[in-house]
Amino acid sequence: MIEGLAAIYIFLLAGFTGYEIIARVPVILHTPLMSGSNFVHGIVLVGAMYALGIAETTTEQVIGFFAVLLAAGNAVGGYVVTERMLEMFKSSNKPRESAGG
Amino acid sequence: MGLVIDASYLAAAILFIVGLKRMSSPVTARRGIVWAGLGMLLATLVTFGTPELLENEHFVTNLSLILAGIAAGGGYAWISGKRVAMTDMPQMIAMYNGMGGGAAATIAAVELLKASEAGGGAEAYLGPDVAILAILGALIGTISFSGSIIAWAKLDGRLQLSRLLPGQHIVNALLALVLLAFSVMLYFTADLTAISIFFGLALVLGVFITVPVGGADMPVIISLFNALTGLAVGFEGYVLGNAAMIIAGIVVGSAGSLLTHLMAVAMNRSVANVFFAGVGTGPASTDSGPGEMKEIQAQDAGILMAFAGQAIIIPGYGMAVAQAQHKIWELVQLLVERGVTVKFAIHPVAGRMPGHMNVLLAEAGVPYDMIYDMEDINADFSNATVALVIGANDVVNPSAKTDTASPLYGMPILDAMDADNVIVIKRGRGAGFSGVENPLFFADNTRMLFGDGQKAASELIQAVKEL
């Protein structure tokens with residue numbers, strides 16, 4: 001379990017990391033990056049699996065099932081769409097050092 | 001086993017960050033998603049080995065349900081994600097994002113239900129810090145869920161509604177206050193009725209927030225919901241004590257917030273403004289008749305382009321709808337063979353999302369060194385013989401610079417009007433997506449080539465080939 005100050009550290013550092021990743025991104029990659037980050041929060045699947053896995057009652061099982069269903073959609077859909085988008089980033093020339101930044 | 005799982009979650013979080021970092025450069029972007037994908041796979045696999053899952057008395061039932069849920073949800077997303085046309089990507093992102101928000105909210109719902117069964121409030125069952133984040137995550141996740149579904153429906157053309165109630169913003173504010181009251185109530189006494197009303201109202205608020213948002217602002221809203229889902233996932237990660245969820249969720253929450261801000265800035269609007277005033281919903285300033293549109297035939301337009309020194313192409317959503325990017329690239333290749341310098345000019349919010357046009361042009365095979373951002377190309381327009389506008393409208397609307405009464409006023413635009421000639425490929429004479437009239441179309445150096453983008457491009461190709 002992560003508690004107290006340690007949790008605040010994690011929240012802060014993760015926040016800075018996210019900011020840092022986006023701060024210098026060329027516009028060309030905004031949509032794929034939004035899609036990629038959409039995939040990354042698909043990690044909610046892990047939590048959904050846990051919630052369903054420890055379910056004791058039928059109600060919890062039903063709700064947990066929906067959580068897994070939705071989360072799997074997020075993760076898989078996010079991956080497929082992002083991959084398809086990035087698949088297109090092939091240059092006919094050799095990739096130059098920077099793209100339109 | 002616990003240590004292995006925790007270490008794997010940490011590794012997954014690092015893989016996500018490395019993956020996202022790689023996705024932020026065009027050269028490494030394609031491998032970035034693979035890194036992140038590996039992280040997801042690792043985290044998912046080790047979760048099956050969680051001791052609490054294995055020791056649960058309903059282990060077999062629950063495991064079957066987990067596998068069924070992954071198969072059904074993942075299967076649906078796999079098929080829809082593979083099938084969707086490139087032009088419809090934005091709404092699919094909205095849909096998958098909504099699913100993530102819904103998942104985070106349902107995880108919170110399970111915790112709140114347990115608190116309710118224990119007979120007390122969330123605080124008594126979960127402790128104060130966990131209770132607050134669980135309730136906040138539930139609220140944010142639910143709003144993101146219903147809001148994203150509405151965004152999907154609007155972009156997919158399934159929902160044309162843009163106004164629900166008079167004084168919508170006041171209703172929304174009141175609703176938000178009521179929700180806040182319910183949140184506090186759940187903290188102290190989580191009974192089943194209160195939980196149900198809480199989630200019901202949060203769903204309604206998500207709908208109410210999204211319905212009035214103008215179509216041009218949709219990318220900003222989707223990006224905002226993406227950030228919100230990230231936050232909700234991070235909060236629920238804290239509730240479950242899961243490091244991977246906390247780190248990944250908060251990284252997305254902060255990256256998404258910044259991205260939302262960048263998008264809003266590119267349109268010269270604040271995020272608050274996007275919520276509280278839809279473009280084109282106010283009365284448009286149509287004080288003076290702007291004059292006549294002047295038509296041009298494809299053949300003449302083709303000749304004009306073939307003998308141009310420099311041609312700049314400005315694509316917009318119309319090109320996406322018409323799937324004209326391949327034809328346009330074919331045209332460009334013909335022009336380049338004839339010695340014309342061709343550049344693509346991309347407005348930061350062309351299409352329905354930043355980078356939307358870049359993706360489509362990349363799909364058609366346009367090398368990205370022919371594609372220029374607004375700041376890099378605006379000075380070139382005065383040297384261009386022809387500016388070809390295909391399916392773009394608001395992003396070349398000069399009233400954004402000149403007309404203080406225009407809802408677009410202040411938005412940076414591509415200075416297409418500075419070119420010697422402007423050719424506009426457009427389906428009809430109507431106003432743009434924002435509903436604002438575009439004086440460029442009536443300018444003396446502008447000629448209109450009416451027709452579907454793909455058909456018009458084919459005719460231009462024909463015209464250039466016949467020379």
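Colleague: Before we turn to strand β4 of chain B, which relative accessible area counts as buried?

Modeller: In this predicted model, a residue over 50% relative accessible area is called exposed, and one in between is called partly exposed. The word buried is kept for residues with a relative accessible area under 20%.

Colleague: With that cut-off, how many of the five residues of strand β4 of chain B are buried?

Modeller: The strand covers residues 386-390 and is mostly covered. Val386(B), Leu388(B) and Ile390(B) point one way from β4(B), while Ala387(B) and Val389(B) point the other way, and all are buried. The number of buried residues in β4(B) is therefore five of five, each being under 20%.

Colleague: Which residue is the bridge partner of Leu388(B) in β5(B)?

Modeller: β4(B) pairs in the parallel sense with strand β1 of chain B, residues 310-315, over five bridges, and there Ala387(B) is the bridge partner of Ile312(B). β4(B) also pairs in the parallel sense with β5(B), residues 421-426, over five bridges. In β5(B), the partner of Leu388(B) is Ile423(B).

Colleague: Turning to chain A, within what arc do the buried residues of helix α1 fall?

Modeller: Helix α1(A), residues 4-23, reaches 29 Å from its first C-alpha to its last, close to the 28 Å expected. Its buried residues include Ala7(A), Phe11(A), Ala14(A), Gly18(A) and Ile22(A), whereas Leu5(A), Tyr9(A), Leu13(A) and Phe16(A), on the other side of the helix, are exposed. An α-helix has 3.6 residues a turn, so residues three or four places apart point the same way. Seen down the axis of α1(A), the buried residues line one face of the helix because they fall within an arc of 130 degrees.

Colleague: How many salt bridges are counted between chain B and chain A?

Modeller: The two chains meet through 106 residues of chain B in contact with 87 residues of chain A. Between them they bury about 8800 Å², with 76% of that area on carbon and sulfur atoms. The count of salt bridges between chain B and chain A is nonetheless zero.

Colleague: Is Gln323(B) buried, exposed or partly exposed?

Modeller: Gln323(B) lies in the loop between α14 (317-322) and α15 (325-337) of chain B, and has a positive phi of about 55 degrees although it is not a glycine. Most residues other than glycine have a negative phi. Because its relative accessibility is 27%, Gln323(B) counts as partly exposed.

Definitions and conventions: Residues numbered from 1 in each chain as written. Chains lettered and ligands numbered in written order. Predicted model: local features only at pLDDT ≥ 70, side-chain atom pairs only at ≥ 80, totals over all residues. Heavy atoms only, no water. Buried < 20%, exposed > 50% of the residue type's maximum accessible area, 1.4 Å probe, protein only. Helix = DSSP H or I, 4+ residues; strand = E, 2+ residues; numbered from the N terminus. Pairing = 2+ DSSP bridges. Expected span 1.5 Å × (residues − 1). Arc of directions from axis to C-beta. Contact = heavy atoms within 4.5 Å. Buried area = accessible area lost by both parts, 1.4 Å probe. Salt bridge = Lys/Arg side-chain N within 4 Å of Asp/Glu carboxyl O.
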